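Let's take a look at how some helices pack together and where the empty spaces sit. Keep the 3D view open while you read.

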Amino acid sequence: MRSLVNPRSTDAVLLLAALAVTALYIAVSGGGFPLDDSWIHQTYARNLAETGQWAFVPGVPSAASTSALYTVVLATGYTLGVPFALWTHGLGALALALTALLGARMAGQILPEVRYIGLVTGLTLVFAWHLVWAAASGMETMIFSLFTLLLIWLAWRELTARSGALRDVLLRGGIFGVAAGLTTLTRPEGALLVGLIGLALLVARPNMTLRTVIIWGAAAVVTFLIVLTPYLLFNLEMTGGLLPDTAAAKRSFAEPIFALGYLERLRMMIVPLLAGGQLLLIPGMIVFVIMLLRGVRTDRARLLWLLPTVWGLALIALYAAWLPLPIQHGRYLIPALPAL
């Protein structure tokens, strides 16, 4: 079905709005970065650009950067000679804009008959203050949020895929695998979403036979591992594990909180996310899920429409269980908000 609103006009509005609101936040906050982690990323990126080493201290390789892809992207700015603050804030604003553009298209895919659904959804994302903060924070949070929506959108493409030819299935699966690898390089918990999507496609099989799903999945796994393996091997050499040093350090920092029950930790993680207008969207989320579940028995493809909700709730549940730190506006859980 054709869109009822010119997508180019919507894109322009969302792009300008994202750039403007991020620039306003940066100007009001003084133009710096709010977290020490932001400066750790900058240090790794500068050293990578200047010495070619993955190190916080030049000459001493280390694995304390949780987001390998973000470090590489920041290093590109140093290599090009762009002022680091301009490059970093520009990346955040662009990621916010692209998240809004992608969210607008996904909303239009769900409800193509609703006028201005893309514009309203996109503006809701742009003006969600958690996301504005993430865009200006100098952290990987906004880029990771973008990648999570991209993965869900790539899964949704299978709902309308017209070709079951081997070459096309391999290509679509390979593209998903590359995007999945980049998502996991941005934040390790991206692997959770990758697994959820794989499971949903295996059960739903939209326009796909079991053979097609297996071929698509095989291509995705191969390209996923190609992208991710060098980073995993580096971590294994540096730390003896698959995750960077910071993962163990932050879990140790959260150790006293584990004395609380899981439900209390879950409550602690949810509270920071409730600040803002998104609280008003919860009734709509509930109705949306109920409507979809009613039709799952007759149309398994509806499971894919549930991916945004399942991903958002799963991320919150994961952190409540593994790293219950409701710090800095709930920044570890902010990537759940665009999907929700």
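Helix 7 and helix 8 cross in a left-handed way. Keep in mind that this is a predicted model. Helix 7 covers residues 141-157 and helix 8 covers residues 166-186; their axes come within 9 Å and cross at roughly 160°. An angle over 145 degrees counts as roughly antiparallel, so that is the label for helix 7 and helix 8.

Who does the touching? On the helix 7 side you'll find I143, F144, F147, L150, L151, L154 and R157, and they meet R172, I175, F176, A179, A180, L182, T183 and T186 of helix 8. Sorted by class, the residues of this contact come out as 11 nonpolar, 2 polar and 2 charged.

Helix 7 has another neighbour to check out, helix 15. Here the crossing is right-handed, and the two axes come within 10 Å at an angle of roughly 145°. F144, T148, I152, A155 and W156 are the helix 7 residues in this contact, while helix 15 brings L307, P308 and W311. This contact has 7 nonpolar residues, 1 polar one and no charged ones.

Now for the spaces. There are 2 cavities of 30 Å³ or more, and there is a largest pocket as well, with a volume of about 1,200 Å³. Here's how they line up:

| Space | Volume | Lining by class |
|---|---|---|
| Largest pocket | about 1,200 Å³ | 31 nonpolar, 8 polar, no charged |
| Largest cavity | about 80 Å³ | 3 nonpolar, 4 polar, 5 charged |
| Second largest cavity | about 50 Å³ | 3 nonpolar, 1 polar, 4 charged |

Start with the largest pocket. It is lined by 39 residues, and the closest to its centre are L281, M285, P338, A339 and L340. Which helix gives the most to this lining? That's helix 13, with 6 residues. Several helices each supply at least two residues, including helix 7, helix 13 (282-294) and helix 15 (307-322).

Next, the largest cavity. Its lining is D37, I40, H41, A64, S65, T66, M139, E140, R187, T246, K250 and R331. Helix 2 (36-51) and helix 11 (245-253) each supply at least two of these residues, and helix 2 gives the most, with 3.

Finally, the second largest cavity is lined by E140, T141, F144, R187, E189, R331, Y332 and P335. You've met F144 before: this helix 7 residue takes part in the contact with helix 8 and in the contact with helix 15. E140, R187 and R331 should ring a bell too, as they also line the largest cavity.

Methods: Residues numbered from 1 in each chain as written. Predicted model: local features only at pLDDT ≥ 70, side-chain atom pairs only at ≥ 80, totals over all residues. Heavy atoms only, no water. Axes fitted to C-alpha atoms, helices over the stretch in contact; angles between N-to-C directions. Helix = DSSP H or I, 4+ residues; strand = E, 2+ residues; numbered from the N terminus. Parallel < 35°, antiparallel > 145°, perpendicular 65-115°, else oblique. Left-handed = near helix turned anticlockwise from the far one by under 90°. Contact = heavy atoms within 4.5 Å. Nonpolar A, V, L, I, M, F, W, Y, C, P; charged D, E, K, R; others polar. 1 Å grid on protein atoms, 1.4 Å probe; cavity = no way out; pocket = protein on both sides within 12 Å on 5 of 7 lines; lining within 4 Å. Points joined across faces, edges and corners; volume = space filled by probe spheres on them.
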